[in-house]
Amino acid sequence: PSVPRHTNRLINEKSPYLLQHAHNPVDWYPWGQEAFDKAKKENKLIFLSVGYSTCHWCHVMEEESFKNKEIGEIMNKNFVCIKVDREERPDVDKVYMTFVQATSGGGGWPMSVWLTPDLKPFVGGTYFPPEDGVHRVGFRTVLLRIAEQWKENKEALLENSQKILEALLYRSEIHVQGQESPPPSKEVMATCFKQLSNSYDEDYGGFSESPKFPTPVNLNFLFTYWALHRTTPEGARALQMALHTLKMMAHGGIHDHIGQGFHRYSTDQHWHVPHFEKMLYDQGQLAATYSRAFQISGDEFFASVAQDILLYVSRDLSDPAGGFYSAEDADSYPTTASEKKREGAFCVWTAEEIRALLPDPVEGATEGMTLGDVFMHHYGVKETGNVSPMKDPHQELKGKNVLIVRCSPELTASRFGLEPGRLGALLQEGRRRLSTARAQRPRPHLDTKMLAAWNGLMISGFAQAGAALAKQEYVSRATQAAAFLRRHLFDPASGRLLRSCYRGKDNTVEQSAVPIQGFLEDYVFVIQALFDLYEASLEQGWLEWALQLQHMQDKLFWDPKGFAYFSSEAGDPSLLLRLKDDQDGAEPTPNSVTVTNLLRAACYSGHTEWVEKAGQILAAFSERLQKIPIALPEMARATAVFHHTFKQVVICGDPQGEDTKEMLRCVHSVFSPNKVLMLADGDSTGFLYRQLPFLASLERKDGKATAYLCSNFACSLPITSPQELRGMLCP
C-alpha cells in the first residue's frame, strides 16, 4: 500500500477502531485532556463521533465523510474532533447516547454529537450522509450551520446546553421511591411472562417480527419461569417458547453453518438474512443458553449447537495468551482482487460455486443426483440467490445465498431416497468442502481488543457448557481465560479490574499508556464468571477472588442514597452524568446480573448484607419491574431467585473419589435456577471452611460422598444416592 497522505493522533492508540481512523484527513483526537484543553483554549466546539470497529454504518460514514478532504477541512477549521470506541469507553457512550435518544427519539451508531467546550451536548444524531438529499440534511451542511450558530448565538447555545443537562440529570435518575422493599416476585414473573408471550412469534420463535435479535436474557427468563411452574400450562408454554426459538435460530442464516458461531441479528422474521458481524458477548451468552436447553430437554441437538459456538470461539476469537477477542466484522473483500468490501462476502455463496465444489454423484440416491443437489435442497440454495431484494437495499447479496436449513433431515433424506444416517455424513462432507473453499477468501477484520466484561461472559459460556455437557476441556479453557484476566486485566496493587488490553506485535499482550479502569459491567460479568467457574472446577481460588471483587464493586459503584450501582465510578470530571442502565438488551444490564451475584456471594461467605443489597436493587427498579418487566427480563428472573432463596447444595467428599464425581455430575445435569454448589472436601483450613463454619458439622455418611441441601444455613438430612439428590433438586 502507498504511504498514507494523512496521519493524526489516533495512530498512537491501541483500539482497532481508533486505528482505522488514524489516516483520515480529520485531525482526530482521542477522548482526553489534550482535546478538552484545546477546545477551551481556542473556544471551539467539539465534534464527538462514537462507534465501534464492526459497525457497518460507521464504515459507511467514514468512507463518505471522514475520508473526504473538503469535509475534513471544514471539521478541522471549526471543531475539535474526538473519536471514541464505545467498547473501550461505554461510560462516555452512555452519557451522550442518553442525550441523543432524549432529543431525537432514536439512537445508534455511528453517534455524532456536538458539544460545548465544557463537554455539554446541544445537537446530536447518528449517521449523516455527506450531502443534502430529499429527506435528510447532509453532514457538510450540518457542520457549517452549527459553526455559524456558534459564531452568531454563542450565549443562547451555552444556556440551552445547560438546560439540556439539567433535564437529562432529572430524567436519568433511578432511585428508591419511598418504599424500601422489592416488588412482589409472583406478579413481576407473571407480567413478564405475559408480555413475552404476547410478543412471541408462534411460527419462527423470537419476540418481534423483524429485525430479530437472539436476546438470551428472554430465554433465560423463560427457563427460570418454567422451573418454578413445571406442572402448569404456562410453565409448559414458557419452555416450548424458549426451545422453539433456540431451534429456529440454530437452523437459520443467523447461525454460520460453515464457520460456526452466531451473527449479530436477523434482518427478517425467519432468522434468515443476518447482519454478519459476530460479537463475543453473543457467543458467550448463547453457549450458556444452549447448554441450559440441553440440561433441561436432554436433546443432543442443543448440546451440539453449544459445542459449535465454542469451537468457533476457540478457533477464531482466542488469543494465544488465553483471552478472547471482541468481534469479527460483517464486511470483507469478496476476492483478493476486490477494491471494495461488501457485507457478508465471507459467508455467502452462489449456486454455481456450490455445484462446482460438490459435483460427486451420490450413490443410492435418486437418478443422477449429486452431492450439490442434496446440499442445496437442504440449505435452501436457489440458482438466482435466496435473499429477497427487500432485505438487500444495497444489492450486496444479489445472486447470493445465505444458507438456512429448510427441511428436517428426514424430509431431505426421503426426497433423495437416502437413509437419514447417510444424509448426515453427506451434509457434513459438503460443509467441510465449503469451509475449505471459504478459507481461501479474504477474512473480515478481527477486533483484537480484549475486554474484561465480555471475557467474563465468555468464561461463563465455557464453564457452564463444561459442567452441563460434562466436558473437561471447556472448563480448562475457562480456567485459562480467568488466569489471563488475572494476569492482564487486574491490578493486584489496587485490587481493581482494568477494562481492556490489546493484541500487540508478535502476539504479545499490550496495555494503553494510561489503562482504562474497569466499569461496573466489568466487575459484574467477571464476578459471575468466577462463580460459574468455581461451580465447574471447584477451585476455591476463584471464589476468593470473586468475593474480593464484589467488595471492590461495592466501594466504587454503590449508590448509598438511591440504591443500586452506578455504571461508572465517581470522580471523572469529563463525565457529566453517573447513570444506571435500565434495560436488559443484547447484554443484560449489570444491575440485573449483580442481584444474582450478590445472592451467590452471600451463600459462599455468610455476609447477609449482600442479600440486603440485592433486595435494595430490586426496590430501586421496582416501578419498572412491575410495569414493563419485559425491558428487564434478567432482573425479573432475579426477583424470583431472591424470593425463593438460594439452596446451598453441599457435597461432602474427596474431590478425586468416583462417588463424589457421580454426585457432582448429578448436580450439573439438573437445571435449577436457585442452587449454589459447593464442595466440602474436609480441609478445614481451606477458604470455604473459614467463610462458612457450619460446613464443619457436615460429614460423610458411612464414609461415602454425601450431599446436603441447606438454605439459610439449615441443612437437610444426608443424601448418599445421586437418584435421591436429583429428586430433591427437581421438585
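In this predicted model, a good place to start is Cys715, which is partly exposed because its relative accessible area is 32%, a value between the 20% that bounds buried residues and the 50% that bounds exposed ones. Its bonding partner sits on the other side of that lower limit: Cys710 has a relative accessible area of 1% and is therefore buried. The sulfur atoms of Cys710 and Cys715 are 2.1 Å apart, and the two residues form a disulfide. The torsion about this S-S bond is 105 degrees, which makes the link right-handed.

The structure contains 2 disulfides. The other one connects Cys55 with Cys58, again with an S to S distance of 2.1 Å. Here the torsion about the S-S bond is about 85 degrees, so this disulfide is right-handed. Both of its cysteines, Cys55 and Cys58, are buried. When the bonded cysteines of the chain are numbered in sequence order, the pairing reads 1-2, 3-4.

Some cysteines remain outside this scheme. Cys603 takes part in no disulfide, and the nearest cysteine sulfur, which belongs to Cys710, lies 9.9 Å away. Cys603 has a relative accessibility of 10% and so counts as buried, given that the class covers values under 20%. Cys730 is likewise in no disulfide; for this residue the nearest cysteine sulfur is that of Cys666, at 8.1 Å. With a relative accessible area of 27%, Cys730 is partly exposed.

Attention now turns to the sheet. Five strands make up an open sheet of mixed pairing, arranged in the order S1-S3-S2-S4-S5. Strand S1 (28-30) and strand S5 (121-125) occupy the edges, and each has a single partner strand, so one side of each has no neighbour in the sheet. On average, and with direction ignored, neighbouring strands of this sheet are turned by 30 degrees against each other. Within the sheet, strand S2 (residues 45-51) and strand S4 (residues 111-115) run antiparallel and are joined by 5 bridges. Phe47 stands opposite Trp114, a residue of S4.

Helices accompany these strands. Helix H2 (residues 33-42) packs on the sheet, where it touches S1, S2 and strand S3 (79-85). The direction of H2 makes about 160 degrees with that of S3. Helix H6 (residues 139-152) lies across S2, S3, S4 and S5, and runs at about 15 degrees to S4.

A further site of interest is Asp522, a residue of helix H19 (residues 520-537). What is the relative accessibility of Asp522, and is the residue buried or exposed? The value is 0%, so Asp522 counts as buried. The side chain of this aspartate nevertheless has polar partners. One of them is the backbone nitrogen of Ala453, which the side chain of Asp522 reaches at 2.8 Å. Another is the side chain of Arg499, joined to that of Asp522 by a polar contact of 2.9 Å. Leaving aside residues up to four places away in sequence, Asp522 touches Ala452, Ala453, Leu497 and Arg499. Ala453 and Arg499 thus appear both as polar partners of the Asp522 side chain and in its list of contacts.

Conventions: Residues are numbered from 1 along each chain as its sequence is written. This is a predicted model: local features need pLDDT of at least 70, side-chain atom pairs count only at pLDDT 80 or more; totals for chains, interfaces and linings use all residues. Side-chain values use heavy atoms; hydrogens and water are left out. Helices (H or I, at least four residues) and strands (E, at least two) are DSSP runs, numbered from the N terminus. Buried means under 20% relative accessible area, exposed over 50%, partly exposed in between (1.4 Å probe, protein chains only). A polar contact is a pair of N or O atoms within 3.5 Å; within protein, one must be able to donate a hydrogen and the other to accept it, and residues adjacent in sequence count only if both atoms are side-chain atoms. Contact means heavy atoms within 4.5 Å. A disulfide is a pair of cysteine sulfur atoms within 2.5 Å. Two strands pair if DSSP finds at least two bridges between them. Axes are lines fitted to C-alpha atoms, for helices over the stretch in contact, and angles run from 0 to 180 degrees between N-to-C directions.
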